[in-house]
Amino acid sequence: MRRIRIQAGVIACLLAAGAMGVAGCGKKPAADESAKKGGIGGENGAIPVEAATVQYGTISQTVAVTGSLASLQDVTLSAKANGRVDAVYAREGDFVRKGQLMVRQDTTDLEANVRQQVANVQSAQSKVSQAQTNYTIQVTQAKQNVLQARAQLAAQQQTYLKTLRGSRPQEVLQSQSSVTLAKANMNNALTTLNRNKSLFSQGAIARADLDTAQTTYEVNKAQYENAVASLKLVQEGSRQEDIAAALQQVRQQQNNVNNAIANQQLVSVKRDDIIAAQAGVAQAKATLTFNQVQLQNASIYAPIDGIVASRSTEPGQIAAPGTGLMRIVNVKTVYYQPTISETDFSDTHVGTPVNVTVDAYPGKTFSGKVSAVYPAASAGQRGFSLRVNVPNPDNTLRPGMFARGQVVTHVARNVPIVPTTSLVADSGSAVAASSDASVTTSSLTPSQHVVVLGPGSTAVIRKVTVGIITPDRAEITDGVKAGEKIVTVGQQNLKAGDKLAVLDKAEGNGAKISQR
């Protein structure tokens, strides 16, 4: 529909021009006067015209658009940290490389903070080492306590078993032997005592010898009685209260072992001091990292290759976070951003050619292609923005320039091309005066015709179907072929069969239209 409206506007202009031509051609007395003076036409009555040969060519239908140039890489450097600007290393117009230092803020306080946090990290790490050492000592001590408790339990268990079993057979035999020996000693002492009593009564020995024999007997008798008592104890075994006491000692030692094992397990899993110390290290490292980042943020680097477009800061100024410092533009990524109406949206696609001109370089055309068609129209103008990539190898184009463009919506190649001045509206045909009016192809192209130079230089009226129309050329889809001659000047009011006289360059009143 957009294509038809463009054609309607062009045809309307052509019809207006044709009406003016009719008025001019109505001055037949002048032509007759020229014939009477011996000019072309003469006595044969031929009508002077200009003609051109229909040629094959390429013609494009374009849509005029306007917009501005922008850059894909257009960045504004800003401060990340609050501080005084210490140095600025570039000015407007300077070319910079990606990664180049552009602005540096004062780092005195930031460096001091980093050193302090490094010391804090080292202190926290030493606390971790101390906590780990204490933990190792506690684990080792708990293990030793378990071993010691188990040894004491084993000893107490042996004591209990010994108490429970009583004396061994060997001990009983030994006790019996002791009783036998003691009894023999006692009997022997008794025999000696009795003999000494007899001798004393006879006066054969002294009283002292009798007393010694008496004492020896009593001692041996006591030893015998003790041996008998010991044998009885050995034969009877341990008392129940001794067994109960030994068993209680075993149980107490078992509890001690259990407590030691539980304490060992508790110490093994209780790493609170280490965990707390490690958390302190993590916190100190996080603070150190933050201060290191703050120190790094004080140095601002170029993120792209480009040219400094503006400089907004000077040394000595205070820059707060977010404050713009410098703008860098990569002019090699310049693109054209026009707006196209919704009526031309369907004819515009990625890859559509666009011819771009800027006022800064009059007469120069830059060829580009549509790289993106924005999916949503603007709410106010109902237009769609385009992104047109335009090669800029010599950095001629700059962001912010106003530009005009011709979006090539259709291209017809190797088709018959005629000058638009050769088109004539049929009598009674009407063309909409506005390109915004609703028209159809049948109301435009069927009403056109051209005058073909026929045999014997006679006029042949030929209806044509018009395709793409530009201000100076038109595509003919049907009606004429390449190689035929058509009248380009003087064709108004010609009728079929009129005799024609073709003017050459010297005699023609208009410049001959060059064919492309």
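**Notes on a predicted model, starting from Val65**

1. Let's begin with one residue. Val65 counts as buried, with a relative accessibility of 4%. You will find Val65 in strand β2, which covers residues 55-71. Keep in mind while you look around that this is a predicted model.

2. Which residues does Val65 touch, once its neighbours within four places in sequence are left aside? Val65 is in contact with Tyr336, Pro338, Thr339, Ile340, Ala403, Arg404, Gly405 and Val407. Take Arg404 from that list: Val65 and Arg404 are 339 residues apart along the chain, yet their C-alpha atoms are separated by 5.9 Å. The protein as a whole has plenty of such links: among contacts between residues at least 6 apart in sequence, 78% join residues at least 24 apart.

3. Now the overall inventory. The protein has 7 helices and 22 strands. Of its 516 residues, 35% count as buried, and Val65, at 4% relative accessibility, belongs to that buried group.

4. How far should you trust what you see? The average pLDDT of the protein is 82, and 84% of the residues score at least 70. Two stretches deserve a more careful eye. Over residues 1-43 the pLDDT stays under 50, and the model has 55 contacts beyond four places in sequence for them. Residues 506-516 also stay under 50, with 20 contacts beyond four places in sequence. I would not read much into the details there.

5. On to the helices, with α4 up front. Helix α4 runs over residues 169-202, which makes 34 residues, and reaches 50 Å from its first C-alpha to its last, close to the 50 Å expected at 1.5 Å a residue. Which of its residues are buried? They are Val172, Ser175, Val179, Ala182, Met186, Ala189, Leu193 and Asn196. To make sense of the spacing in that list, recall that an α-helix has 3.6 residues a turn, so residues three or four places apart point the same way. Right after α4 comes Gly203, whose phi is positive, near 80°.

6. Helix α7 makes a good companion to look at. This helix spans residues 272-297, counts 26 residues and reaches 37 Å from its first C-alpha to its last, close to the 38 Å expected at 1.5 Å a residue. The buried residues of α7 are Ile274, Ala277, Val281, Ala284, Leu288, Asn291 and Asn297. Try colouring them in your viewer and looking along the helix.

7. Next, a sheet. Four strands form an open sheet in the order β7-β6-β4-β9, and the pairing is antiparallel. β7 (299-301) and β9 (318-319) stand at the edges with a single partner strand each, so one side of each has no neighbour in the sheet. β7 pairs with strand β6 (residues 101-105) in the antiparallel sense over 3 bridges. One pair to find on screen is Arg104 with its bridge partner in β7, Ser299.

8. There is another open sheet of 4 strands, in the order β3-β10-β8-β5, again with antiparallel pairing. Its edge strands are β3 (74-78) and β5 (95-96), and each pairs on one side only. If you wonder what holds such pairs together, strands of a sheet pair through backbone hydrogen bonds, either parallel or antiparallel.

9. Follow β10 within that sheet. Strand β10 (residues 324-329) pairs with strand β8 (residues 306-311) over 4 bridges in the antiparallel sense, while β3 and β10 pair over 5 bridges, also antiparallel. Where does Ile328 of β10 fit in? Val308 stands opposite Ile328, and Ile328 is the bridge partner of Val75 too. Val329 in β10 is the bridge partner of Ile307.

10. Last, some aromatic rings. The count of aromatic pairs comes to 2. In one of them, the rings of Tyr361 and Phe366 have centres 6.4 Å apart and planes at 75°, so the pair is edge-to-face. Are the two partners buried or exposed? Tyr361 is partly exposed, with a relative accessible area of 31%, whereas Phe366 is buried at 9%. Tyr361 has a charged visitor as well: the charged end of Lys364 sits over its ring, 6.0 Å from the centre.

Methods. Residues numbered from 1 in each chain as written. Predicted model: local features only at pLDDT ≥ 70, side-chain atom pairs only at ≥ 80, totals over all residues. Heavy atoms only, no water. Helix = DSSP H or I, 4+ residues; strand = E, 2+ residues; numbered from the N terminus. Expected span 1.5 Å × (residues − 1). Buried < 20%, exposed > 50% of the residue type's maximum accessible area, 1.4 Å probe, protein only. Pairing = 2+ DSSP bridges. Phe/Tyr/Trp six-rings, centres within 6.5 Å; stacked < 30°, edge-to-face > 60°. Lys NZ or Arg CZ within 6 Å of the ring centre and 35° of its normal. pLDDT = per-residue confidence, 0-100. Contact = heavy atoms within 4.5 Å.
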